[in-house]
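Please read the following points with the structure open beside you, and follow each one on the model as you go. They begin with pairs of charged side chains and then turn to the two parts of the chain.

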Amino acid sequence: MTLPVVEGVRYVAPLREGGSLPAIVDASDGHTYVVKFRGAGQGARALVAEVIVAELAKVAGLPVPAPAIVHLADGFGKGEPDPEIQDILRGSIGSNFGLRYLPGAFGFDPAVDTDIDPGLAADVLWFDSFVVNVDRTPRNPNILTWRGGHWLIDHGASLYFHHGWRNWRARSQDPFALISDHVLLRLASDPRDADRRLRPRFTRAVLEAAVAAVPESWLTPVDAFDSEEEQREAYVTWLLERLQGDRAWVATATAAWQAGPSRYARRETHRVV
Ligand SMILES: Nc1ncnc2c1ncn2[C@@H]1O[C@H](COP(=O)(O)OP(=O)(O)OP(=O)(O)O)[C@@H](O)[C@H]1O
Ligand SMILES: [Mg+2]
C-alpha cells in the first residue's frame with residue numbers, strides 16, 4: 001500500500017481556516033490537493049499521523065479523499081507574497097501530505113447533516129477511538145459534505161503517544177475519554193457492532209503496510225529507538241496491541257454512546273471555498 005507520490009506544480013491558495021495554514025495545490029498528476037506542509041508549526045509527526053490514519057481509514061472502508069505524498073521542489077510558490085507562507089514553504093522542500101481537494105465542499109453540521117448512515121457514524125466513532133483522534137468534535141468536526149457524501153479529513157492530531165513516546169507500549173490500552181465529545185455520538189448506532197465489523201480487518205500485514213507508507217524523512221530520530229525500522233515497528237506494535245488486551249477504549253466509547261452527548265453543538269455551517 002504505497003501512496004502515490006506527485007509533484008506540486010502550483011500554489012493555488014492558502015486555506016486560512018486551517019490552523020496549520022494548509023493550501024490548495026495543483027499537482028503533476030493533473031489533480032488538485034489540500035496540502036499539509038512539513039514546515040508548518042505542527043511538524044513532521046502530524047504528517048506521520050495523517051498518513052497512517054488515512055491509510056487505516058481506507059482499510060476500514062471509511063470515506064477519505066485520496067491521499068498522496070506531495071513533493072515540493074526548492075522555489076515552489078515563490079510568488080506568494082505572504083512571509084509566513086514563504087517561511088512554511090522554505091521548510092517544506094521534499095515530502096508533504098496531500099488529500100485530494102473536494103471543490104465546493106461544506107463543513108459537516110451535526111444539526112443539519114443528520115442523514116449520515118448510523119452504521120457509518122458508528123464506524124467513525126470506533127475508528128477515532130482506535131487511533132485516538134481528538135479532532136472530531138462539534139466545534140471542529142473535520143468532516144466535509146460533498147456530492148451527497150461525508151468525507152473524513154485532518155487526522156494529524158491522532159496517535160498522540162508519538163509526541164515523546166513516553167511509556168508508549170502500555171498506553172496502547174488507554175481509554176479515550178474525549179470520545180464523549182465526538183460529533184457523531186448522537187447519530188451513531190452501537191459501537192460494539194462497529195467493533196465486530198472493523199477489528200478483524202486490521203491484520204499485522206495491513207498495519208505494516210500503512211506504516212510503510214510514511215516517508216523516511218519524516219521519521220526523525222527518537223531516543224527510544226535505534227533505527228527507523230524500530231520506530232516503524234513501534235507504530236505497528238502500538239496499533240496491534242490496541243486491538244488486543246482488555247481494550248478499555250471500546251467500553252469507554254460504548255458508555256459514551258449510551259450516555260449520549262452532553263451538550264448540543266453550536267451551528268457552524270460554512271462553505272469551504
Ligand atoms: N480535501 C479537502 N477538500 C476541500 N477542503 C478541504 C480539504 N481538506 C481540508 N479542507 C478545508 O481546509 C480546512 C483546514 O483543513 P484541516 O482541518 O485539514 O487543517 P488544519 O490546519 O489541521 O486545521 P485545524 O487544526 O484548524 O482543524 C478544513 O476545515 C476544510 O475547510
Ligand atoms: Mg481541521
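1. Arg204 makes a salt bridge with Glu208, and the closest N and O atoms of this pair are 2.6 Å apart. Please keep in mind that the model is predicted. The two residues are four residues apart in helix α5, which covers residues 204–212, and therefore about one helical turn separates them. Arg204 is partly exposed, with a relative accessible area of 35%, and Glu208 also counts as partly exposed, at 35% relative accessibility.

2. A second pair to look at is in helix α1, where the side chains of Lys58 and Glu55 meet in a salt bridge with an N to O distance of 2.9 Å. Because Lys58 and Glu55 are three residues apart in this helix, which covers residues 44–59, they are separated by about one helical turn. Is each partner buried or partly exposed? Lys58 counts as partly exposed, at 38% relative accessibility, whereas Glu55 counts as buried, since its relative accessibility is 1% and the cut-off for buried is under 20%.

3. A third pair is formed by Arg192 and Asp190, whose salt bridge has its closest N and O atoms 2.9 Å apart. Arg192 is partly exposed, with a relative accessible area of 35%, while Asp190, at 15% relative accessibility, counts as buried. As a general matter, side chains of opposite charge can pair when their charged atoms come close. How many salt bridges does a search of the whole structure find? The search finds 16.

4. The next point concerns the division of the chain, for which the domain assignment gives domain 1 as residues 5–100 and domain 2 as residues 106–259. The C-alpha centres of domain 1 and domain 2 lie 21 Å apart. In the contact between them, 28 residues of domain 1 meet 36 residues of domain 2, and the area buried between the two domains is about 2,600 Å², with carbon and sulfur atoms giving 76% of that area.

5. Across the interface of domain 1 and domain 2 there is one salt bridge. Lys36 and Asp154 form a salt bridge in which the closest N and O atoms are 3.2 Å apart, and these two residues are linked with Glu50 in a network of salt bridges. Between the two domains, eleven residue pairs are in polar contact, with both residues of a pair at pLDDT 80 or more.

6. Which elements each supply at least two residues of the side of domain 1 that touches domain 2? They are α1 and β5, the latter covering residues 94–100. The largest share of this side of domain 1 comes from α1, with 15 residues. Sorted by class, the side of domain 1 that touches domain 2 has 20 nonpolar, three polar and five charged residues.

7. Finally, please look at Gln231, which has its place in helix α6, residues 228–242. Gln231 is buried, with a relative accessible area of 2%. A polar atom of the Gln231 side chain lies 3.2 Å from the backbone oxygen of Thr220. If its neighbours within four places in sequence are left aside, Gln231 is in contact with Arg45, Trp165, Leu219, Thr220, Pro221, Val222 and Phe225, so that Thr220 appears both in this list of contacts and in the distance given for the side chain.

Note on methods: Residues numbered from 1 in each chain as written. Chains lettered and ligands numbered in written order. Predicted model: local features only at pLDDT ≥ 70, side-chain atom pairs only at ≥ 80, totals over all residues. Heavy atoms only, no water. Salt bridge = Lys/Arg side-chain N within 4 Å of Asp/Glu carboxyl O. Buried < 20%, exposed > 50% of the residue type's maximum accessible area, 1.4 Å probe, protein only. Domains from an automatic or database assignment. Contact = heavy atoms within 4.5 Å. Buried area = accessible area lost by both parts, 1.4 Å probe. Polar contact = N/O pair within 3.5 Å; in protein donor to acceptor, adjacent residues only side chain to side chain. Nonpolar A, V, L, I, M, F, W, Y, C, P; charged D, E, K, R; others polar.
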